[in-house]
Amino acid sequence: MYTRFRQKIQLSAILLFSLLSIQSEAHVKSYTHEYNDLNFTVVEVHDLSKLRLFLNQQESKTPINYFANIPMQLGQCEQMLFAMNAGMFHHTFHPVGLYIANNKKLFPLNLHRGWGNFYLQPNGVLAWNSKQAIILNSPQYTKKKFKADYATQSGPMLVSNRRINPIFMAESASLRIRNAVGIKDQVLYFVLTEQAVSFYALASFMQQKLKLEQALYLDGSISAMYLAEKDINTQSSPFGPMFAYIEDQSCS
């Protein structure tokens with residue numbers, strides 16, 4: 001009798017552990033890495049179907065601007081677990097380059113030459129649907145017939161085919177808080193620096209430490225992140241496009 005009772009307890013524990021593991025895998029994974037005396041916060045997104053882009057309020061052209069305003073755009077049983085600024089924007093908060101959300105292209109691919117980080121070559125595009133994500137430089141993206149549910153263009157590319165962009169200098173004195181996104185084995189890695197760093201330091205971390213195949217710079221100075229599990233919201237300035245990972249919650 002005792003043996004059977006013990007077996008039932010063990011089986012229940014295994015089932016509970018499995019259930020908790022499944023629930024844990026459904027959430028974003030976040031951690032901090034130290035690399036060359038610098039700290040980087042990393043968020044891994046494995047479930048692409050839960051990652052979205054936000055720009056304007058529903059049925060309106062009014063910018064959302066802040067992570068704290070995103071929940072007002074969600075369904076009753078949805079919860080935001082992670083958010084980050086998603087690329088460069090004009091003073092009107094409109095994206096500088098390509099922006100696709102919910103299968104709709106709201107702003108076209110920008111292949112013009114200009115001044116500023118966005119135009120450092122090559123710049124690039126992150127695009128994804130529920131099954132696949134890609135990061136390509138902008139000319140490559142024009143040739144790729146990819147059915148994107150979401151896409152954002154920014155620049156410059158930090159890592160291309162596992163190689164650091166050769167325009168960066170290790171001794172650069174241009175230091176900023178910066179954020180970026182990279183990809184490896186269909187997992188997206190969102191990175192925010194905790195100190196002001198150079199382009200090269202950020203690219204080196206993503207190439208050497210995270211071993212990413214491609215990585216795209218998103219923005220600097222104002223870059224920020226929201227993480228529900230750690231009660232973190234570092235945003236201090238309004239944004240244009242924003243990433244958000246949205247989880248369905250039980251609300252019965």
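Select N56, Q57, Q58, A101 and N102 first: of the 21 residues that line the largest pocket, these lie nearest its centre. The model on display is a predicted one. The space in the largest pocket amounts to about 500 Å³.

Next, colour the strands β3 (51-54), β5 (99-101) and β6 (104-107), each of which supplies at least two residues of the lining of the largest pocket. β3 provides the largest share of that lining, with three residues. Colouring the lining of the largest pocket by class gives nine nonpolar, seven polar and five charged residues.

**From β3 to β17**

Keep β3 on display and add β17, residues 242-248. β3 and β17 run antiparallel and are joined by four bridges. Select R52, and A244 of β17 will be found opposite. Now add β4, residues 78-85, which pairs with β17 in the antiparallel sense over seven bridges. Here A83 stands opposite A244 in β17. A244 is therefore a convenient residue on which to centre the view, given that R52 stands opposite A244 and A83 does too. How is β17 placed with respect to solvent, covered or not? Strand β17 is mostly covered, with six of its seven residues buried.

**The second largest pocket**

Move to the second largest pocket, which has a volume of about 240 Å³. It is lined by 16 residues, and N117, S172, S174, R178 and F199 are the closest to its centre. Select α3 (199-209) and β14 (214-220), since each supplies at least two residues of the lining of the second largest pocket. β14 gives the most to this lining, with three residues. By class, the lining of the second largest pocket comprises seven nonpolar, six polar and three charged residues.

**S198**

Finally, select S198, in the loop between β13 (187-193) and α3 (199-209). Is S198 buried or exposed? S198 has a relative accessible area of 5%, so this residue counts as buried, the limit being under 20%.

Show the neighbours of S198 next. Leaving aside residues up to four places away in sequence, S198 touches S172, S174, L175 and R178. Of these, S172, S174 and R178 also appear among the residues closest to the centre of the second largest pocket. To finish, draw the distance from the side chain of S198 to the backbone of A201: a polar atom of that side chain lies 3.0 Å from the backbone nitrogen of A201.

Conventions
Residues are numbered from 1 along each chain as its sequence is written. This is a predicted model: local features need pLDDT of at least 70, side-chain atom pairs count only at pLDDT 80 or more; totals for chains, interfaces and linings use all residues. Side-chain values use heavy atoms; hydrogens and water are left out. Buried means under 20% relative accessible area, exposed over 50%, partly exposed in between (1.4 Å probe, protein chains only). A polar contact is a pair of N or O atoms within 3.5 Å; within protein, one must be able to donate a hydrogen and the other to accept it, and residues adjacent in sequence count only if both atoms are side-chain atoms. Contact means heavy atoms within 4.5 Å. On a 1 Å grid over the protein atoms alone, a cavity is a set of points where a 1.4 Å probe fits but cannot get out, and a pocket is an open set with protein on both sides within 12 Å along at least five of seven lines; lining residues have an atom within 4 Å of a point. Grid points are joined across faces, edges and corners, and a volume is the space filled by probe spheres set on the points. Ala, Val, Leu, Ile, Met, Phe, Trp, Tyr, Cys and Pro count as nonpolar, Asp, Glu, Lys and Arg as charged, and the others, Gly among them, as polar. Two strands pair if DSSP finds at least two bridges between them.
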